[in-house]
Amino acid sequence: MSKKNSNFTTTEKLASGSRKLSALWNAQTIAIFIDLCIKEVDLGNRPGTHFNKVGWARLVTNISKEIGRPYEKLQLKNKWDLLKKEWKLWKDLKGKETGLGWNVTKNTVDASEEWWQDKIKAEPKYARFQFEGISPEMEEKLDMMFLNVTATGKHSWAPSSGVLPIESDDDVNQVEVNNNNEKKDKGGGKIGGAAKLSLQIERLVEVVESRSTGTSMANIVSQGTSIAEVMKDVATLPGAERGSKLWWFATKLFCAQEKREMFVVMEDRDLKLQFLNHELAEDYNLIV
């Protein structure tokens, strides 16, 4: 990465026993982290959406050696999640527009002021990229990190199975869509309804965004994902009738293609309604 991206640069403090470790993330350390992540992906240590135990262990060892200061898994996972969040937002901003160039002076996509204003009006978070975006080189590397999730073995997924794909680092046990019983995590705590729904949504987003899961998935997410089709479906849900607060929220939410695709993948009407309410609560910062 030739130029610093302030969207990625942070200083993180993590308590470890009686000491505090400070993880400084700047352009150089982020570049090292990304290259090491890609190496672990190439080695097959990211069988699902996160690294397996071997991958995390190797990453902790190698980045600490490369940078010359200790890092812990939680710090690396936090950085992975932050990069992924920014990458998703960037992908959402660009959408399927293929004619966008790169403005070297502005360090972002080469688009008109009107284009930016329309985008920011639809999603205010896009404003962070107007004068500092993700370069094509960086985007290519992030694609290598987050796309092409393995679609075979225990991480494969079919919509008819009723079971969502699980994370690969064993942090959370398997969650079933149609199971109303609370699941316990490995520490013995229970995953409540809101947390469980959040996990389910995360898995669905991962599946939809992966474009290597085969023709069957491509066909599924391509059907009925236009704004008109999705909003017609929304209006049939109880509490989301035309003109209602939830309906108006959906008009904003479903400007994003991946949100519409994920909504269509959820064939259960109750789950669709839960998803809308979850997104609404998250938008108003009501979920803790």
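The legends below accompany several close-up views of one predicted protein model.

**View 1. The protein as a whole, with its helices, strands and buried residues.** In this predicted model, the protein is built with eleven helices and six strands. Of its 288 residues, 45% count as buried. When contacts between residues at least 6 apart in sequence are considered, 62% of them join residues at least 24 apart.

**View 2. Helix 1 and the residues that it buries.** The 16 residues of helix 1 should span 22 Å at 1.5 Å a residue, and the end C-alpha atoms of the helix are 23 Å apart, which agrees with that expectation. Helix 1 is mostly covered, since twelve of its 16 residues are buried, and among them are Ile-30, Phe-33, Leu-36, Cys-37 and Val-41, together with the charged residue Glu-40. At the start of the helix, a side-chain oxygen of Asn-26 reaches to within 3.1 Å of the backbone nitrogen of Gln-28. After the helix comes Gly-44, whose phi is positive, near 85°.

**View 3. The largest nonpolar core and a second, separate core.** In soluble globular proteins, nonpolar side chains tend to be buried together. The largest nonpolar core of this model has 33 residues, and Phe-33, Leu-142 and Met-145 are those with the most contacts inside it. Five helices, namely helix 1, helix 2, helix 3 (73-94), helix 4 (113-122) and helix 5 (136-146), each supply at least two residues of this core, and helix 1 gives the most to it, with eight residues. A second core, separate from this one, has 21 residues, including Ala-235, Ala-240, Trp-247 and Phe-263.

**View 4. Arg-46 in the loop between helix 1 and helix 2.** Is Arg-46 buried or exposed? Its relative accessible area is 6%, and residues count as buried under 20%, so Arg-46 is buried. The side chain of Arg-46 reaches the backbone oxygen of Met-145 at 2.3 Å, and Met-145 is itself one of the residues with the most contacts inside the largest nonpolar core.

**View 5. The crossing of helix 3 and helix 5.** The axes of helix 3 and helix 5 come within 11 Å and cross at roughly 115°, and helix 3 passes helix 5 in a left-handed crossing. Which residues meet where these two helices come together? From helix 3 they are Trp-80, Leu-83, Lys-84, Trp-87, Trp-90, Lys-91 and Lys-94, and from helix 5 they are Glu-139, Leu-142, Asp-143, Met-145 and Phe-146. Lys-77 also has its place in helix 3, and at 18% relative accessibility this lysine counts as buried. Although Lys-77 and Phe-51 are 26 residues apart in sequence, their C-alpha atoms are 9.3 Å apart in space.

**View 6. Leu-100 and Asn-107 in their loops.** Leu-100 has its place in the loop between helix 3 and strand 3. Leaving aside residues up to four places away in sequence, Leu-100 touches Lys-94, Asp-110, Ala-111 and Trp-115. One of these partners, Asp-110, is ten residues from Leu-100 in sequence, and the two C-alpha atoms are 6.0 Å apart in space. Asn-107 lies in the loop between strand 3 (101-103) and strand 4 (108-110), and it is buried, with a relative accessible area of 10%. Most residues other than glycine have a negative phi. The phi of Asn-107, however, is near 60°, a positive value in a residue other than glycine.

**View 7. Helix 10, helix 11 and the contact of Glu-279 with Lys-259.** The axes of helix 10 (residues 257-265) and helix 11 (residues 269-283) come within 9 Å and cross at roughly 150°, and helix 10 passes helix 11 in a right-handed crossing. The contact is made by Lys-259, Met-262 and Phe-263 of helix 10 with Lys-272, Phe-275, Leu-276 and Glu-279 of helix 11. Phe-263 is also included in the second core. Glu-279, which lies in helix 11, is buried, with a relative accessible area of 8%, and its side chain makes a polar contact with the side chain of Lys-259 at 3.3 Å. The C-alpha atoms of Glu-279 and Leu-253 are separated by 8.2 Å, while the two residues stand 26 residues apart along the chain.

How values were computed: Residues numbered from 1 in each chain as written. Predicted model: local features only at pLDDT ≥ 70, side-chain atom pairs only at ≥ 80, totals over all residues. Heavy atoms only, no water. Helix = DSSP H or I, 4+ residues; strand = E, 2+ residues; numbered from the N terminus. Buried < 20%, exposed > 50% of the residue type's maximum accessible area, 1.4 Å probe, protein only. Polar contact = N/O pair within 3.5 Å; in protein donor to acceptor, adjacent residues only side chain to side chain. Core = buried A, V, L, I, M, F, W, Y, C linked by side-chain atoms within 4.5 Å. Expected span 1.5 Å × (residues − 1). Axes fitted to C-alpha atoms, helices over the stretch in contact; angles between N-to-C directions. Left-handed = near helix turned anticlockwise from the far one by under 90°. Contact = heavy atoms within 4.5 Å.
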